[in-house]
Amino acid sequence: MTALILNLSPTIELTDDQFFQLCQNNRDLRLERTAEGELIIMPPTGWESGNRNSKLTARVEFWAEANGTGLAFDSSTGFKLPNGANRSPDASWVSRKRLAALNPDPAKFLPMAPDFAVELRSANDSLKTVQQKMQEYIDNGVRLGWLIDPQNQRVEIYRPDRDIEVLQSPTSLSGEDVLPGFVLDLAQILN
């Protein structure tokens, strides 16, 4: 099953608070909103993708806890991007300095792009759609992004002001200067 996209404009244009409340009232749905106001309803993933994502999120969290300079987030966390989109990366990280400077309401979506974002392509995800989402992250302030694509055994690395780097069958990924010292072993995630 693929994602369902609802174009409500111009009939209905949800405010940020209305979209947030819609998500709260429908907690069993995974909702995102594009910069154009389209609602995206994403189906649950299969068990293999769910297991891979669990491993990915856990590894980012373990590093974040040991490093202490920021917080890791799972796919249930909403980010309000500067372009107006509401997105939920499969795994993400935000520095404590940026969080402290913003002092966001912890019960609401984070009104910022994360410093680091990962999308793990599920079997039903369109590669082009996930690539566009990754580019949107970078265009809105993400400093490092990974698109992990098990179907093609590759990873695309996104960075601001640089070409996308494509790695075929990598064994690990470096968090570079965004997540210093973080190395993601891809053995149980990519394969």
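In the predicted model, helix H4 is followed by Gly-141, a residue with a positive phi near 115°. H4 itself comprises the 13 residues 127-139. At 1.5 Å a residue these should span 18 Å, and the end C-alpha atoms are 18 Å apart, so the expected and computed lengths agree. Along H4, the buried residues are Leu-127, Val-130, Lys-133, Met-134, Glu-136, Tyr-137 and Ile-138; the charged side chains of Lys-133 and Glu-136 are thus listed together with those of Leu-127 and Ile-138. The cover over the buried residues of H4 includes strands E2 (30-33), E3 (39-42), E6 (86-87), E8 (116-120), E9 (144-149) and E10 (154-158).

Strand E10, one of the elements covering H4, also pairs with strand E11 (residues 165-168). The pairing is antiparallel and runs over four bridges. Within it, Arg-154 has Gln-168 of E11 as its bridge partner. The two strands form a hairpin, with six residues between E10 and E11. In the turn of this hairpin, Asp-161 has a positive phi of about 60°.

Aromatic contacts were examined next. The structure holds seven aromatic pairs. One of them joins Phe-20 and Phe-109 in an edge-to-face arrangement, with 5.0 Å from centre to centre and 75° between the planes. Phe-20 belongs to helix H1 (residues 16-25), whereas Phe-109 sits in the loop between helix H3 (96-102) and E8, so the pair ties together parts that are 89 residues apart in sequence. Phe-20 and Phe-109 are both buried.

A second arrangement is found for Trp-146 and Phe-182, whose ring centres are 6.1 Å apart. Their planes meet at 15°, and the pair therefore counts as stacked, the cut-off being under 30 degrees. Trp-146 lies in strand E9, while Phe-182 lies in the loop between strand E12 (172-174) and strand E13 (183-185); the pair therefore ties together parts that are 36 residues apart in sequence. Trp-146 and Phe-182 are buried. They also belong to one aromatic cluster, together with Trp-63, Trp-93 and Phe-116. Strand E9, which carries Trp-146, is among the strands that cover the buried residues of H4.

As for the record, an unreviewed UniProt entry annotates residues 17-186 as "domain: Putative restriction endonuclease". In the model, this span is 29% helix and 28% strand. The end C-alpha atoms of residues 17-186 lie 38 Å apart.

Note on methods: Residues are numbered from 1 along each chain as its sequence is written. This is a predicted model: local features need pLDDT of at least 70, side-chain atom pairs count only at pLDDT 80 or more; totals for chains, interfaces and linings use all residues. Side-chain values use heavy atoms; hydrogens and water are left out. The expected span of a helix is 1.5 Å times one less than its number of residues. Buried means under 20% relative accessible area, exposed over 50%, partly exposed in between (1.4 Å probe, protein chains only). Contact means heavy atoms within 4.5 Å. UniProt positions are given in the numbering used here, feature names are shortened, and annotations may be inferred rather than shown by experiment. Rings of Phe, Tyr and Trp (its six-membered ring) pair if their centres lie within 6.5 Å; planes under 30 degrees apart count as stacked, over 60 as edge-to-face and the rest as tilted. Two strands pair if DSSP finds at least two bridges between them.
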